[in-house]
Amino acid sequence: QAIYESQIRPRVERDHFGEYLVIDIDTGEYEVDADHLAASNRAAAKHPDAPLFAMRIGYRAGGRIGARPRAVRT
C-alpha cells in the first residue's frame with residue numbers, strides 16, 4: 001500500500017479508476033487491467049516468485065463477498 005501511495009497513485013488513479021493494480025513488492029513494477037486475473041498473470045510472468053500486492057484502484061477493497069441486497073416485491 002505504501003508503494004502505491006508514494007509512487008504509483010498519481011500516475012494511475014485518474015485514468016484507471018476501478019481497475020485492478022498488481023504490484024511486485026520487490027521491484028515496484030506494476031500491471032493495471034480491468035480484469036484482475038489478467039493483471040495478476042502478467043505481473044507473475046515477469047518474476048514468477050515475486051511477492052505481489054493486488055488492489056482495486058480507488059477502492060478500499062478489491063471486491064465483495066455475498067449478494068447485493070435488493071428490494072423484494074410482494
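In which helix does Val 12 lie? The tour of this predicted model begins with that residue, after a view of the whole chain.

**The whole chain**

Please display the complete chain as a cartoon. Its secondary structure comes to 2 helices and 3 strands, and these follow the pattern α-β-β-α-β when read along the sequence. Of the 74 residues, 24% count as buried. Among contacts with a separation of 6 or more, 42% are made by residues 24 or more positions apart.

**First stop: Val 12**

Select Val 12, which lies in helix α1. Val 12 counts as buried because its relative accessible area is 2%, and the cut-off for a buried residue is under 20%. Now show the residues around it. Not counting residues up to four places away in sequence, Val 12 touches Tyr 4, Phe 17, Tyr 30, Val 32 and Ile 57. Add Gly 58 to the selection as well: Val 12 and Gly 58 are 46 residues apart in sequence, yet their C-alpha atoms are 9.7 Å apart in space.

**Second stop: a salt bridge within helix α1**

Remain in helix α1, which covers residues 2–16, and select Arg 9 and Glu 13. The side chains of Arg 9 and Glu 13 meet in a salt bridge, with 3.2 Å from N to O. These two residues are 4 positions apart, about one turn of the helix. Arg 9 has a relative accessibility of 34% and therefore counts as partly exposed.

Next, select Arg 14 and Asp 15. Their side chains also meet in a salt bridge, at 3.9 Å from N to O. Both Asp 15 and Arg 14 are exposed.

**Third stop: Tyr 30**

Move to Tyr 30, one of the residues touched by Val 12. Tyr 30 has its place in strand β2. With a relative accessibility of 25%, Tyr 30 counts as partly exposed. Leaving aside neighbours within four places in sequence, Tyr 30 is in contact with Ile 8, Arg 11, Val 12, Leu 21, Val 22, Ile 23 and Lys 46. Select Ala 43 too: Tyr 30 and Ala 43 are 13 residues apart in sequence and 6.7 Å apart in space, C-alpha to C-alpha.

**Fourth stop: Lys 46 and Glu 31**

Lys 46, one of the contacts of Tyr 30, leads to the next pair. Which side chain meets that of Lys 46 in a salt bridge of 2.6 Å? The partner is Glu 31, the distance being taken from N to O. This pair links distant parts of the chain, with Lys 46 in helix α2, Glu 31 in strand β2, and their positions 15 residues apart. Lys 46 counts as partly exposed because its relative accessibility is 39%, whereas Glu 31, at 13%, counts as buried. Extend the selection to Glu 29, Asp 33 and Arg 42: salt bridges that share partners join these residues with Glu 31 and Lys 46 into one network. The structure as a whole holds 7 salt bridges.

**Fifth stop: Asp 24**

Select Asp 24 in strand β1, which spans residues 20–24. Asp 24 is buried and yet has no salt bridge. Where is the nearest side chain of opposite charge? It belongs to Lys 46, 8.0 Å away. Not counting residues up to four places away in sequence, Asp 24 touches Glu 29, His 47, Ala 50, Pro 51 and Leu 52.

**Sixth stop: the cavity**

Compute cavities in the viewer, if it offers this. The structure holds 1 cavity of 30 Å³ or more, and about 40 Å³ of space lies in the largest cavity. To find its lining, select Val 22, Asp 24, Thr 27, Glu 29, Tyr 30, Glu 31, Ala 43, Lys 46 and His 47. The elements that give two or more residues to this lining are β1, β2 (30–33) and α2 (36–46). Coloured by type, the lining residues divide into 3 nonpolar, 2 polar and 4 charged.

**Last stop: Ile 25**

Finish at Ile 25, in the loop between β1 and β2. Ile 25 counts as partly exposed because its relative accessibility is 41%. Apart from neighbours within four places in sequence, Ile 25 is in contact with Ile 3, Pro 51, Leu 52 and Phe 53. Ile 25 and Ala 2 are 23 residues apart in sequence, and their C-alpha atoms are 10.0 Å apart in space.

Conventions
Residues numbered from 1 in each chain as written. Predicted model: local features only at pLDDT ≥ 70, side-chain atom pairs only at ≥ 80, totals over all residues. Heavy atoms only, no water. Buried < 20%, exposed > 50% of the residue type's maximum accessible area, 1.4 Å probe, protein only. Lys, Arg positive; Asp, Glu negative; His and termini not counted. Salt bridge = Lys/Arg side-chain N within 4 Å of Asp/Glu carboxyl O. Contact = heavy atoms within 4.5 Å. 1 Å grid on protein atoms, 1.4 Å probe; cavity = no way out; pocket = protein on both sides within 12 Å on 5 of 7 lines; lining within 4 Å. Points joined across faces, edges and corners; volume = space filled by probe spheres on them. Nonpolar A, V, L, I, M, F, W, Y, C, P; charged D, E, K, R; others polar.
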